[in-house]
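Got your viewer open? Load the model, set it to cartoon with side chains on demand, and let's take a walk through it.

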Amino acid sequence: MRTRILPVSKSSIQEACQILLAGELVAFPTETVYGLGGLGLSSAAVLKIFEAKGRPSTDPLILHLSSSDLAQVVSDGILASPIPKIAQTLAQRFWPGPLTLVLAKGPRVPTEVTSGLETVAVRCPSDPSASLLLKNLGQPLAAPSANRFGRISPTDASAVLAELEGKIPLILDGGPCTNGIESTVLSLSESKPVILRPGSIDSQTLSSFLKMDVPIRNSSGNSQSPSPAPGMLDHHYSPMTPLYLCPSPIKNFSGPFEFITYADHSISQKPNIHVLTNDQQGSTAAKNLYRTLRNADTRGSSAILIDPIPNSSWAAALSDRLHRASTGTAVWSDGQWQLLPRVRR
């Protein structure tokens with residue numbers, strides 16, 4: 001299969017809709033990462049997503065919606081009635097945007113989307129290209145990140161091509177993603193709201209808005225049993241090169257490694273030193289994270305070492321992604337780097 005990249009336009013959106021309605025897949029930009037889209041209410045199309053990614057069937061998908069009107073989503077058979085009032089309140093405040101809600105699924109949602117669970121993850125993206133595609137298509141898209149399963153999520157069209165060339169017919173190029181990491185996943189299917197995957201809408205923001213504590217559930221699933229939400233597997237978002245987390249800022253740049261730092265260094269002209277952000281902003285670090293990991297991964301070094309994550313409202317999300325992507329920790333001791341394997345949860 002030949003994979004084409006087309007810039008987002010009226011004609012390319014129309015072509016994408018034709019491809020999708022024929023049961024094929026299209027990669028498209030969102031504000032978080034590029035998604036691999038297929039008709040969300042078609043079992044056959046959803047199965048093609050799992051096949052293209054090499055994704056286990058126990059890892060559920062997110063349905064992307066064209067509207068934040070949850071009453072209409074219920075009417076369309078995507079969510080079960082009644083919708084919790086808290087869900088309507090959250091959708092009115094944070095949609096369109098990078099917040100995914102886990103709710104009881106409606107009768108039209110295929111079991112392949114939910115990995116057999118009675119809940120479904122839904123969100124309404126704010127990216128203009130994604131919104132235009134969904135509105136023209138007129139139905140939800142199931143869309144995990146547009147990469148091979150477990151690998152680094154793509155934040156531009158070239159990264160999608162590197163991952164899925166020959167596996168899908170079309171990539172819509174809407175430029176770099178503005179957020180750079182996946183959405184916050186909030187479960188509303190329990191007695192109290194709980195964050196299953198942290199993202200740019202952090203726990204403090206949700207707690208303040210809802211006037212209640214909204215904790216993050218630090219848990220990891222495995223590919224043997226269904227995960228309650230996407231992105232919760234123990235090893236995920238990973239470069240091919242082993243990634244090691246440093247407990248203190250990197251000061252020694254010796255060894256056959258790639259180094260990712262949160263600040264510029266006088267020796268940063270060296271090709272194996274990658275500056276994640278010069279402005280110390282968590283949002284910049286998030287936007288650059290996957291691209292920087294991908295760049296470091298292409299250089300063929302024996303390991304990638306990365307600075308500790310600075311405090312910000314993005315810290316929980318960045319920590320989650322890097323922990324799941326990591327092989328272990330790196331400690332400078334006795335004049336050399338000690339690479340220690342991660343203890344699995």
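The tour has two stops: a cluster of charged side chains, then a sheet.

**Stop one: the charged cluster**

Keep in mind that you're looking at a predicted model. Salt bridges in it come to 12, and we'll visit a few of them. Select R321 and E182 and show their side chains: they form a salt bridge, with the closest N and O atoms 2.9 Å apart. Now colour by residue number to see where the two partners come from. R321 sits in helix 10 (residues 315–325), while E182 belongs to the loop between strand 8 (170–173) and strand 9 (184–187). That puts the partners 139 residues apart, so this pair links distant parts of the chain.

Are these two buried or exposed? R321 has 1% relative accessibility, so it counts as buried, the cut-off being under 20%. E182, at 6%, counts as buried too.

Stay on helix 10 and add D320 to the selection. The side chains of D320 and R321 meet in a salt bridge, 3.0 Å from N to O. D320 comes out at 12% relative accessibility and therefore counts as buried.

Next, add R324. Which residue does R324 pair with? Its salt-bridge partner is D320, and the closest N and O atoms are 2.9 Å apart. R324 and D320 are four residues apart in helix 10, so about one helical turn separates them. With a relative accessibility of 2%, R324 counts as buried.

Keep all of these side chains on screen together: E182, D320, R321 and R324 are linked in a network of salt bridges.

**Stop two: the sheet**

Hide the side chains and go back to cartoon. Select strands 11 to 16, which make up an open sheet of six strands. Going across, the order is 13-12-14-11-15-16, and the pairing is mixed. As background, strands of a sheet pair through backbone hydrogen bonds, either parallel or antiparallel.

Where are the edges? Look for strand 13 (273–275) and strand 16 (336–341), each of which pairs on one side only. Turn the view to look along the sheet and follow the twist, which averages 30 degrees from one strand to the next.

Finally, zoom in on strand 11 (residues 243–245) and strand 14 (residues 303–306). These two run parallel and are joined by three bridges. For a last selection, pick Y244 and look across to strand 14: the residue standing opposite is L305.

Key:
Residues are numbered from 1 along each chain as its sequence is written. This is a predicted model: local features need pLDDT of at least 70, side-chain atom pairs count only at pLDDT 80 or more; totals for chains, interfaces and linings use all residues. Side-chain values use heavy atoms; hydrogens and water are left out. A salt bridge is a side-chain nitrogen of Lys or Arg within 4 Å of a carboxyl oxygen of Asp or Glu. Buried means under 20% relative accessible area, exposed over 50%, partly exposed in between (1.4 Å probe, protein chains only). Two strands pair if DSSP finds at least two bridges between them. Axes are lines fitted to C-alpha atoms, for helices over the stretch in contact, and angles run from 0 to 180 degrees between N-to-C directions.
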